[in-house]
Amino acid sequence: MRHPISFQLLALMLCACLVEGCTTAPFGSRPDITLDEDEQRLWKSVLEEERRLDQSGLLYTDPIVTDYVNSVMAKVFPPRSGQHSLSVEVKVLKNPLLNAFAFPNGKIYVHTGMLARIQSEAQLATLLGHELTHATHRHTIQELRGIRRTSAALATFQVLTLPFGVFGAAATALGGVGYMGAVTGYSRGKEREADEVGLDLMVQAGYSPQEASMLFEKLKEDLALRKIDEPFFFGSHPRVQERIDSFKELVADKYASRGGAVEVDRYYHIMTPLIVDNSETDLAIGRVALVRRDLQQILERQPNNARAHFLMGEAFHQGHDVGDEEQAESHYRQAIEADPRLADPHRGLGYSLLKRGDRFGGQSELRRYLELAPQAADRGYVEQALKEQS
Amino acid sequence: MILLRIVAGILMLSLGGCVGRSAQLVPAGSQTVLSTDQLEAEWPQGWMTFRPAEKDEEAVKQGLLFMATRDGFGLQTMRLNKRPLDGEFKYTQKKLSATMLPQEVAAIFLDDIRSHPDIVELKIVENGPATLAGSQGFRANYTYRSKSGLLRQAVTYGCIDKGMLITLGFDAPKRHYFSLDLPTFEQVKDTVRWTS
């Protein structure tokens, strides 16, 4: 009783902490969790952001891929009816940048660029577990409650998407909530919590925890190859290094000798078409070194993948090093051998042969290209080349 | 009518204020031949032309010389651009060189559009040889869906000459407006010429 005011204050603070703890208890931890008014508003605004993304034409809709990523999510977070109000679903966005983010209602978006970097199902489970934890542990509303005026904060996030230049323009598709999850990330403590809980979830699902940090090691390698950081959370070197350190520490503490499923073959078997599609986009952007490395990995597993050989040929054709043109020609030939009816490699090979003076061979390949693709948009150039050589 | 002129005047002043002192929005019918230090073109009568300010960094980077429209830039836009070969594209990291064939130049031009994060469903309708300002170049005809979901169609002529990439583009909603103004655009294309 010597310090009654201090005691009262302490009691008040304790109550406040308990109340705060109750209002942001993780979904699934208690059956009676309801959304406060501000969280309801947040979810409502998320629906609008979600609608905009879903109607943007940027969704990668291959059902084999979307079913697969959702089946992995179902292992990581089995549906527990009545324990949470989240409608967990994973969607894939056609975008070559490194990015994945969760909305507070359980919708998770992963970029094709991120899926192309992942090398096993266990790594995918790590990423999904991390993102899901942001939703189950209500990180968005907690973060926003730390900011005085939520609406002003969201508006600021939207404005901030603008000055990222070339690659950052992709962030303009996101609203304020998506921006927080995808670009800025959450506080260090919340990201650490997402690592820890996400890791537990993937281990409980039977995956090897040893794969967790490998995903981020791979992202780090990629950032070195890209030479610049990207605007999104997973494209930032310091944030990726944080994840590596965090996962290494967590695994050493809790799961040092624990093994589990990795599922490399299954991952590549299902994701190969997506990785090849993503390489085509990277090729248009001009990230030739990345394309060569990704396609090399595909061709090591599927040496008869005609489309991968063709794109590899295009990647070498755009190179300026000694031997690149020969490599391009070799890949065009392998593409034709794997699928003689695929038109594009004939055009690539035709131009390559003409360039090194093989007029007969070049003409023959270009004619074959026009036979296989009579409606080709670039027919005019090919006809002109044939005319000039005759 | 007086009120309309006042509003137009305020609009022009405010546009000038936004993008720099020398931005010019020229009303319909008052001028048809627009020229810069090196290039000129005859624009259709009844169209409004826009010349960006020298301080408009984005326009300078993209080498925008003139834009023209009849009903509004969202409904039909013609653009004449001239930029140095070593300039950066907005979305692709690829570079041009003076020795490139027209189809190689066209491929990079189209890769830049393909890399645009807000453009989806890009389809190349036709991409073939053509001439612009007396130089061998390309004509690319393509459709795409804009950020707002509208299906649009565009034709761009391009060539490399005097160390510069010259492009003349026309872009409009695919339905109605594209076919309506395409013949006018083709006429403008025939008038693009070097002045020096």
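## A tour from chain B to chain A

Start by selecting strands E5 and E6 of chain B: four bridges join E5(B) to E6(B), and the two run antiparallel. Strands here are DSSP runs of E with at least two residues, helices are runs of H or I with at least four, and both are numbered from the N terminus; two strands pair if DSSP finds at least two bridges between them. You are viewing a predicted model, in which local features need pLDDT of at least 70 and side-chain atom pairs count only at pLDDT 80 or more, while totals for chains, interfaces and linings use all residues. Residues are numbered from 1 along each chain as its sequence is written, chains are lettered from A and ligands numbered from 1 in the order in which they are written, and side-chain values use heavy atoms, leaving out hydrogens and water.

**Stay with chain B.** Pick B:Met67, and you will find B:Arg79 of E6(B) opposite. Next, add strand E4 (residues 48–51), which pairs with E5(B) in the antiparallel sense over three bridges. There, B:Thr49 has B:Ala68 in E5(B) as its bridge partner. Now colour E5(B) (residues 64–69) by accessibility: six of its six residues are buried, so the strand is largely enclosed by the rest of the structure. Buried means under 20% relative accessible area, exposed over 50%, and partly exposed in between, with a 1.4 Å probe and protein chains only.

Move along to B:Lys82, in strand E6 (residues 77–84). B:Lys82 is buried, with a relative accessible area of 12%. Show its side chain together with that of B:Gln38, and a polar contact of 2.8 Å appears. Such a contact is a pair of N or O atoms within 3.5 Å; within protein, one must be able to donate a hydrogen and the other to accept it, and residues adjacent in sequence count only if both atoms are side-chain atoms.

**Hop over to chain A.** This chain holds 19 helices and three strands, and 53% of its 390 residues count as buried.

Select helix H2 (residues 37–54) and look down its axis. Which residues of H2(A) are buried? They are A:Glu39, A:Leu42, A:Trp43, A:Val46, A:Glu49, A:Glu50 and A:Leu53. These buried residues fall within an arc of 120°, so they line one face of the helix; the arc is taken from the directions from the helix axis to the C-beta atoms. On the other side of H2(A), A:Glu37, A:Arg41, A:Lys44 and A:Leu47 are exposed.

Finish at H14(A), where the buried residues include A:Val288, A:Arg292 and A:Asp294.
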